Each structure stands twice: as C-alpha cells, then as structure tokens.
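Trainee: I would like to understand the words people use for a structure like this one. Could you walk me through them?
Mentor: Gladly; let us look at it together.

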Amino acid sequence: MVPYVDLKTQYQNIKSEIDEAVLNVLASTRYILGPEVMAFEEEFAAYSNTEYAIAVNSGTSALHLSLLALGIGAGDEVITVPFTFVATVAAIRYTGAKPVFVDIDPQRYTMNPDQVEQAITDKTKAIMPVHLYGQPADMNPILEIAKKHNLPVIEDAAQAHGAEYKGRRAGSMAEIAGFSFYPGKNLGAYGEGGLVTTNDPNYAQKIRLMRDWGQEQKGHHNIIGFNYRMDGIQGAILRVKLRHLEEWTEARRQHALYYKELLQDIKDVTIPYAADDVRHVYHVYALQVPNRDRLQQAFKDNDVQFGVHYPIPVHLQKFYADLGHKAGDFPVSEQVANRVISLPMFPEMTRDQQEQVAKVISDTFQ
Ligand SMILES: *Cc1c(COP(=O)(O)O)cnc(C)c1O
C-alpha cells in the first residue's frame, strides 16, 4: 500500500523530541497560548521573513481575522478564486462580505492577474490570491493592480509554508496572510492550528485582541472577539516540527523532480508547472489526466491512495448558489477541477513508492 501522506512514519522519526515537548506543556499547565505559542510565533515570523506572527486555532480563523483586521464587512467585495479549498471563500462570507471570483491561470492554477482589474468595483475592499498546492500566485502583477486601486492583498498561504516568489517568502509579500497547520499541511499540528503573518503593527495588535475575546485588559471587551486561540501543546509541537520543515520541503521538491522524470513522457498526462522564479513546496502534487475515473479505479485496485483537490470549484457549490454563478463562468477552474488528481506526496516517501505510483499511471494511460 502507498499512503497519500504518512504522518505515522513522521511521528516515529521525531518521537523523542515531540514527546518531550508535549510532556513539558502538560507539566507546565500552560494549555492555551502561553510561552510555547509565543516562541512559535517568533520563530515562524522569522521563518516567513515577517515582523509579526499571531497564532490562532485554524487556518480558517487566520483568514477570517485577517479580513476583519482590514475592516472588511457587509456590503464589501473581496476578489478571490473559485478553484481553492472552500475555507478561502467561507472566511469572506463570515465577515458578511461578498466573494467575487476571477478565474485561474491554466498553468499555475492560481489567480489569473489579467482578470483582476475588470472585477474591481467601488465596493471592492481586498484581493485574496491563494498559493495553491504550495506554489505562490503570480504576485507582482496582482500587487501592482492592488496598489493602483489602493486595495490591500491577503495571501491565502495555507498550503505554502516556506514557498517563495522571486526570493520572497509566502506570507511576506502583501499586507497580511493566513497559514494553516491542519495535520496534513506541510507544517502540521497534532490537531487544529493556524497563524496570521503581517508587517503591520496595527493589524497584528488587532488580531491578537480578536483571537482572545477582544480583551485589552481582562474583562474589558472593546472590540469583537472570538475564541480563536492556539493550544499550548500545538505551539510546542509546531516548534519542534518547524525545525525540520526545510529538510522536509527539500525532500518534497526532490520527490517532485523524480515524479517528473517518471511521468513526463506519459501521453496526455500533465505534470505540475513550476515557474523558474518560484520555490514550489508541493503541498499537493496534482496531475491533469485524460480519464480520472479510470486512474482512480486503477489506484484503488493497486492500493495507492490519492486525493482530488478539488472536484467542484466553489462557484458551483450548493451553498454558494446565491452568488448566481453557473457552469461555464470560470472555464479554466472547471476544466482543471474535472481533470486533477493528487498523487501521494510526503517527505518520507521512498523512490520505490514513487515508482509504484508511476507504474499504475503508465499502465493506465499507455
Ligand atoms: C487548509 C486550507 C485552509 C483552511 O485551513 P484550516 O486550518 O483547515 O482551517 C484555507 N485555505 C486553503 C487554501 C487551505 O488549503
């Protein structure tokens, strides 16, 4: 069997460090926020090359608070993409604002900068590109349009820890960014977790307040608050795992190179595109294939786990029907959603496992 991710092997490899870190938190009784979370914030800010990092209880909360810190609410519009995990769009909805979609670039699968300007109205309050699969969106043209229209940009960096665009780290390129530490993400907690990065002290301060009931002083609630705090245990685990992240990321990048070697000549199979000036961190290694149903069946028959990220773009999801979209509105997103399949990808993967995966694909399509 080839698993999609192998968190068990990863835990076994770092068990002594993790167990010690967790036991220390248990003994300290600092179960919520506390010194481990604070230290993790500093270390992750340094890793992402930003001034501030504020840890929260999920990536969704990180995006929600980022939007609120920018003052976004009912009556506002936020431009984003329909080809993403639903949380990107849900976070916009939570504020009362309206998500406005633009299609993705057919190679990168991230926001197509050429479509952004025509989506801007006098209600637009922010632009929210997604660094999908671990590849940064094409940020320079997006930031240029944002600047011209005096709009802030929020990076959805939930899949892009350590990714780079022209030498700049994900999370450091715009006004504010949200990360996720869902267990399967490149940096994953042993439970839920998320974090906001920013270089703006006012946004950072506001988010620190909002994640903990808006209390500047205990018992004084001056702004809207939430219970969005990170657990001490997750902070301690993430500190341990952050020390290994570069090594794990390089392993993913090596696996991507080997997949390329194994798969690039298979007819009608499209391997991931990675721009030259980008450090793709391969959270997801997705192929476009001519017949996904056939490959899914072949993977099942051969005990290879896989994923589909994401089979239905958000504009065609039932809950978002009130936005008034129909099939055909975002043709690139729709075509890619119909054709992608995510291969097993994790740092601990062996060449033998990759060869098993590749053999199923070549047997299916050759
Ligand atoms: C995982 C993810 C989120 C949400 O993060 P959670 O920690 O699961 O709340 C948001 N956006 C994208 C693109 C994601 O992949």
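Mentor: Let us begin with helix 10, whose buried residues pack against strand 13, helix 9 and strand 14 (340-343). Please keep in mind that this is a predicted model.

Trainee: Which residues of helix 10 are the buried ones?

Mentor: They are Ser 333, Glu 334, Val 336 and Ala 337.

Trainee: Helix 9 came up there. What makes helix 9 oblique to helix 11?

Mentor: Look at the angle: helix 9 (residues 292-301) and helix 11 (residues 351-365) pack at about 135 degrees, with their axes 10 Å apart. Angles over 145 degrees count as roughly antiparallel, and 65 to 115 as roughly perpendicular. The value belongs to neither range, so helix 9 is called oblique to helix 11. The crossing of the two helices is right-handed.

Trainee: Which residues meet there?

Mentor: Arg 294, Leu 295, Ala 298 and Phe 299 in helix 9 meet Val 357, Val 360, Ile 361, Thr 364 and Phe 365 in helix 11. By class, this contact has 7 nonpolar residues, 1 polar and 1 charged.

Trainee: Why is helix 3 called oblique to helix 4?

Mentor: The axes of helix 3 (residues 59-69) and helix 4 (residues 86-94) cross at roughly 40 degrees and come within 9 Å. Roughly parallel would need an angle under 35 degrees, and roughly perpendicular starts at 65. The crossing angle fits neither, so helix 3 is oblique to helix 4. The crossing of helix 3 and helix 4 is right-handed.

Trainee: What is the contact made of?

Mentor: Helix 3 brings Thr 60, Leu 63, His 64 and Leu 67, while helix 4 brings Ala 87, Thr 88, Ala 91, Ile 92 and Tyr 94. Sorted by class, the contact of helix 3 with helix 4 has 6 nonpolar residues, 3 polar ones and no charged ones.

Trainee: On to helix 5. How do you know that its buried residues line one face?

Mentor: The buried residues of helix 5 (residues 139-148) are Met 139, Ile 142, Leu 143, Ile 145 and Ala 146. Seen down the helix axis, they fall within an arc of 160 degrees, so they line one face of helix 5. A general rule helps here: an α-helix has 3.6 residues a turn, so residues three or four places apart point the same way.

Trainee: What do the buried residues of helix 5 pack against, and which residues are exposed on the other side?

Mentor: The buried residues pack against strand 4 (124-127), strand 5 (154-156), strand 6 (164-165) and strand 7 (168-169). On the other side of helix 5, Glu 144, Lys 147 and Lys 148 are exposed. Helix 5 is followed by Asn 150, whose phi is positive, near 60 degrees.

Trainee: Why is Ile 14 called buried?

Mentor: Ile 14, found in helix 1 (residues 7-28), has 3% relative accessibility. Buried means under 20%, so Ile 14 counts as buried. Among the residues that Ile 14 touches are Tyr 190, Lys 241, His 244 and Trp 248. Ile 14 and Lys 241 are 227 residues apart in sequence, yet 8.4 Å apart in space, C-alpha to C-alpha.

Trainee: And what makes His 283 buried?

Mentor: Its relative accessible area is 11%, and the limit is under 20%, so His 283 is buried too. His 283 sits in the loop between strand 12 (278-279) and strand 13 (285-288). The residues that His 283 touches include Tyr 133, Gln 159, Lys 185 and Arg 252.

Trainee: Is Asn 49 called buried or exposed?

Mentor: Asn 49 has a relative accessible area of 55%, and exposed means over 50%, so Asn 49 is exposed. This residue lies in the loop between helix 2 (34-48) and strand 1 (52-56). Phi of Asn 49 is near 60 degrees, a positive value in a residue other than glycine.

Trainee: Why is Asp 303 called partly exposed?

Mentor: Asp 303 has 48% relative accessibility, and partly exposed lies between the limits of 20% and 50%, so the name fits. Asp 303 belongs to the loop between helix 9 and helix 10. Phi of Asp 303 is positive, near 60 degrees.

Technical notes:
Residues are numbered from 1 along each chain as its sequence is written. This is a predicted model: local features need pLDDT of at least 70, side-chain atom pairs count only at pLDDT 80 or more; totals for chains, interfaces and linings use all residues. Side-chain values use heavy atoms; hydrogens and water are left out. Axes are lines fitted to C-alpha atoms, for helices over the stretch in contact, and angles run from 0 to 180 degrees between N-to-C directions. Helices (H or I, at least four residues) and strands (E, at least two) are DSSP runs, numbered from the N terminus. A crossing is left-handed if the near helix is turned anticlockwise from the far one by less than a right angle, and right-handed if clockwise. Contact means heavy atoms within 4.5 Å. Ala, Val, Leu, Ile, Met, Phe, Trp, Tyr, Cys and Pro count as nonpolar, Asp, Glu, Lys and Arg as charged, and the others, Gly among them, as polar. Buried means under 20% relative accessible area, exposed over 50%, partly exposed in between (1.4 Å probe, protein chains only). The arc is that of the directions from the helix axis to the C-beta atoms.
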